[in-house]
Amino acid sequence: TDSLITLARRMINGDAIFEAHRMHVYQRHTHSGWSHVRSSGVVLGLTLVCTLLAVPALLGANRPARLATFAGMLGVAAFYLALPRIRGGRARWSSVASELKA
């Protein structure tokens, strides 16, 4: 989700999509002061939540349960993508983009 959203935002902003950048959510967290361990820990934790949410679907859950699983995963992804906005400051897209262009 992070890669898809980052690619789309870069294309919309007219950025060169094949050049190196630091605009992914985890990169913006480290840019704003989080350690790599903390940023990776958040990614790991949310990945584990999504994995646990998927277990019922993998074990043959009915359609409503699979839809609930999917909704839960969308919620986790939305939370992850919103983290820089929630944290504010140097983690926000506009802040990192303006600092990197300067």
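Contact here means that heavy atoms lie within 4.5 Å. The legends below describe close-up views of a predicted model.

**Figure 1. The whole protein is built from five helices and zero strands.** From the N terminus on, the order of elements is α-α-α-α-α. The protein has 102 residues, and 27% of them count as buried. Its accessible surface comes to about 6,700 Å², with 66% of that area belonging to carbon and sulfur atoms. Among contacts with a separation of 6 or more, 54% are between residues 24 or more positions apart.

**Figure 2. L46 sits in helix 3 and touches residues from a later part of the chain, V76, F79 and Y80.** These three are the contacts of L46 when its neighbours within four places in sequence are left aside. L46 counts as buried because its relative accessibility is 16%, and the cut-off for buried is under 20%. L46 and V76 are 30 residues apart in sequence, yet their C-alpha atoms are 6.8 Å apart in space. V76 and Y80 are themselves among the buried residues of helix 4.

**Figure 3. Helix 3 packs against two other helices through its buried residues.** The helix covers residues 36-58 and has 23 residues. From its first C-alpha to its last it reaches 32 Å, close to the 33 Å expected at 1.5 Å a residue. S39, L46 and A54 are its buried residues. Their packing partners are helix 2 and helix 4. Just after helix 3, G60 takes a positive phi of about 90°.

**Figure 4. Helix 4 runs over residues 63-87 and bends at L81.** It has 25 residues and reaches 36 Å from first C-alpha to last, close to the 36 Å expected at 1.5 Å a residue. The bend at L81 is about 40°, and a proline, P84, follows within four residues. T69, V76, Y80, L83 and P84 are buried in this helix. The buried residues of helix 4 pack against helix 1, helix 2 and helix 3. P84 thus appears in two descriptions: it is one of the buried residues, and it follows the bend at L81 within four residues.

**Figure 5. A65 lies in helix 4 and is partly exposed.** Its relative accessible area is 27%, so A65 falls between the limits of under 20% for buried and over 50% for exposed. A65 and A54 are 11 residues apart in sequence, and 9.8 Å separates them from C-alpha to C-alpha. A54 is one of the buried residues of helix 3.

**Figure 6. D2, in helix 1, is a buried residue.** D2 counts as buried because its relative accessible area is 11%, and the cut-off is under 20%. Leaving aside neighbours within four places in sequence, D2 is in contact with H24, V25, Y26, Y80 and L81. One of these, L81, is where helix 4 bends by about 40°. Another, Y80, is buried in helix 4. D2 and Y80 are 78 residues apart in sequence and 8.4 Å apart in space, C-alpha to C-alpha. Y80 is also among the contacts of L46.

**Figure 7. A nonpolar patch on the surface is formed by L7, M11, I17 and F18.** Together these residues have about 440 Å² of accessible area. M11 lies in helix 1, which covers residues 2-12. D2 is in helix 1 as well, but D2 is buried.

Note on methods
Residues numbered from 1 in each chain as written. Predicted model: local features only at pLDDT ≥ 70, side-chain atom pairs only at ≥ 80, totals over all residues. Heavy atoms only, no water. Patch = residues over 30% accessible without salt bridge, like charges linked within 9 Å, V, L, I, M, F, W, Y side chains within 5 Å. Areas by Shrake-Rupley, 256 points an atom, 1.4 Å probe, with all protein chains shown as cover. Salt bridge = Lys/Arg side-chain N within 4 Å of Asp/Glu carboxyl O. Expected span 1.5 Å × (residues − 1). Bend = angle between axes of the 7 residues up to and from the residue. Buried < 20%, exposed > 50% of the residue type's maximum accessible area, 1.4 Å probe, protein only.
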